[in-house]
Amino acid sequence: MKKLLIANWKMYLKEKQTLDLIKKYKERLKKFSQLEIVVAPSDLYLIKSAELLKKTKLKLAAQNIAQIEEGALTGEVSAEMAHEIGCKYTIVGHSERRIHLNETDDQINKKINLAYNNGLTPILCIGETLKDKVDENRDTVLTVQLRNALSKVNGLPEKELLIAYEPVWAIGTGKTMEAEEMLTINRLIKRIISSLYSESFYENKVKLLYGGSINSINAKEFWLNEVVDGLLVGSASIDNEQTYNIAHSSL
Ligand code: PEP
């Protein structure tokens, strides 16, 4: 099974920078056939990015989709629109949206349903804040986030689901978790998913990713961890050289 390297470019890059970086990714990352590499540029550049990615193995993800199918929701992009222009994946429930845009578990649940209904595979982000961690509430927070996001989802357990464990205290802070800790996270998520669906769904259809200040130095220990199916990389992924080194460290 190919491991995943997902590059979340957030709101970092303008048009020329986005398209230039895609061209560099195409050139430098094509030799890493052991990885599925996914880029998530700003919505504004998805169409041009999709054109550049045609006939390559790189895949496209939206950073977000709307929580309704279509209609009056100014400024949003629907799951159908993202799929129509060539996205395979969509990130859902990123902590930056939960925290700064007050995205709720209920909206996240609707987005997961809409993703599946429109041919997208969701990359569901979950993670505890520093306060949750200090208060020893991590497991409760993750359990609630997962149960709420995945309750009564159309398409499960048949379809693939990507779960990105991204501790909020590690995102963009330069702090990472010990890769070993993913064993505990995996056990917890497996227990929750098995109770919602089944253990075989978890084993066969769910991929567990880690995200949070991954760079070319710390990536290797996560790649080596047997329960980690991939990495979700933010700021380091806007640097072509770092991304090359992160991909290389998976060999
Ligand atoms: C992210 O945005 O999902 C992320 C993990 O960011 P960073 O790598 O910058 O911490």
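**Figure 1. The buried side of helix 2.** Let's begin with helix 2, which runs over residues 46-53 and has Leu46, Ser49, Ala50 and Leu53 as buried residues. These four span an arc of only 100 degrees around the axis, so they sit on the same side of helix 2. What lies over them? The cover for the buried residues of helix 2 includes helix 1, strand 2 and strand 3, the last of these at residues 59-62. Look just past the helix as well: Lys55 follows helix 2 and has a positive phi, near 65 degrees. Please keep in mind, here and in every view below, that this is a predicted model.

**Figure 2. The whole chain, for orientation.** Before the next close-up, it helps to step back and see the full chain, with its 11 helices and 8 strands. Measured out along its principal axes, the C-alpha trace spans about 45 × 45 × 35 Å. How does the radius of gyration fit a compact globule? For 251 residues such a globule would have a value near 18 Å, and the chain has 17 Å, so the two agree. Of the 251 residues, 52% count as buried. Contacts across the sequence are part of the picture too: among contacts with a separation of 6 or more, 72% come from residues 24 or more positions apart. On the outside, the chain exposes about 11,900 Å², and carbon and sulfur atoms supply 51% of that area.

**Figure 3. The surroundings of the ligand.** Here we zoom in on the ligand, which has 14 residues around it. Which of them come nearest? They are Lys10, Glu166, Gly172, Ser213 and Gly234. For Glu166, look at the side chain: one of its N or O atoms is 2.7 Å from an oxygen atom of the ligand. For Gly172, look at the backbone instead, where an N or O atom lies 2.7 Å from a ligand oxygen. Ser213 also takes part through its backbone, with an N or O atom 2.8 Å from an oxygen atom of the ligand. Is the ligand covered or uncovered by the protein? Taken alone, the ligand exposes 290 Å², and the protein buries 100% of that.

**Figure 4. Helix 11 and its buried face.** Our next stop is helix 11, at residues 240-248, where the buried residues are Asn240, Thr243, Tyr244, Ile246 and Ala247. Seen down the helix axis, these residues fall within an arc of 165 degrees, so they line one face of helix 11. Which elements cover them? Strand 1 (3-8), helix 1 (15-29) and strand 2 (35-40) are part of the cover, which also includes helix 10 (219-224) and strand 8 (230-233). At the start of helix 11 there is a neat detail to find: a side-chain oxygen of Asp239 reaches to within 2.8 Å of the backbone nitrogen of Glu241.

**Figure 5. Arg28 meets helix 11.** Now follow helix 1 until you find Arg28, which lies in that helix. Is Arg28 buried, partly exposed or exposed? With a relative accessible area of 28%, Arg28 is partly exposed. Leaving aside neighbours within four places in sequence, Arg28 is in contact with Asn240, Glu241 and Tyr244. Arg28 and Asn240 are 212 residues apart along the chain, and their C-alpha atoms are separated by 8.2 Å. With Glu241, Arg28 makes a polar contact of 2.8 Å, side chain to side chain.

**Figure 6. Asp105 and its partner Asn148.** This view is centred on Asp105, which has its place in helix 5, at residues 105-117. Its relative accessibility is 18%, and buried means under 20%, so Asp105 counts as buried. Which residue shares a polar contact with Asp105? The side chains of Asp105 and Asn148 are joined by one of 2.9 Å. Beyond neighbours within four places in sequence, Asp105 is in contact with Arg98, Val144, Gln145, Asn148 and Ala149.

**Figure 7. Ser249, after helix 11.** We finish at Ser249, found in the segment that comes after helix 11. Ser249 has a relative accessible area of 11% and is buried. What does Ser249 touch? Not counting residues up to four places away in sequence, Ser249 touches Ala219, Lys220 and Trp223. The side chains of Ser249 and Trp223 are also joined by a polar contact of 3.3 Å.

Technical notes:
Residues are numbered from 1 along each chain as its sequence is written. This is a predicted model: local features need pLDDT of at least 70, side-chain atom pairs count only at pLDDT 80 or more; totals for chains, interfaces and linings use all residues. Side-chain values use heavy atoms; hydrogens and water are left out. Buried means under 20% relative accessible area, exposed over 50%, partly exposed in between (1.4 Å probe, protein chains only). Helices (H or I, at least four residues) and strands (E, at least two) are DSSP runs, numbered from the N terminus. The arc is that of the directions from the helix axis to the C-beta atoms. Contact means heavy atoms within 4.5 Å. A polar contact is a pair of N or O atoms within 3.5 Å; within protein, one must be able to donate a hydrogen and the other to accept it, and residues adjacent in sequence count only if both atoms are side-chain atoms. The radius of gyration is taken over C-alpha atoms; the globule rule is 2.2 Å times the number of residues to the power 0.38. Accessible areas come from the Shrake-Rupley method with a 1.4 Å probe; for residues, only the protein chains shown count as cover. A residue is near a molecule or strand if one of its heavy atoms lies within 4 Å of it.
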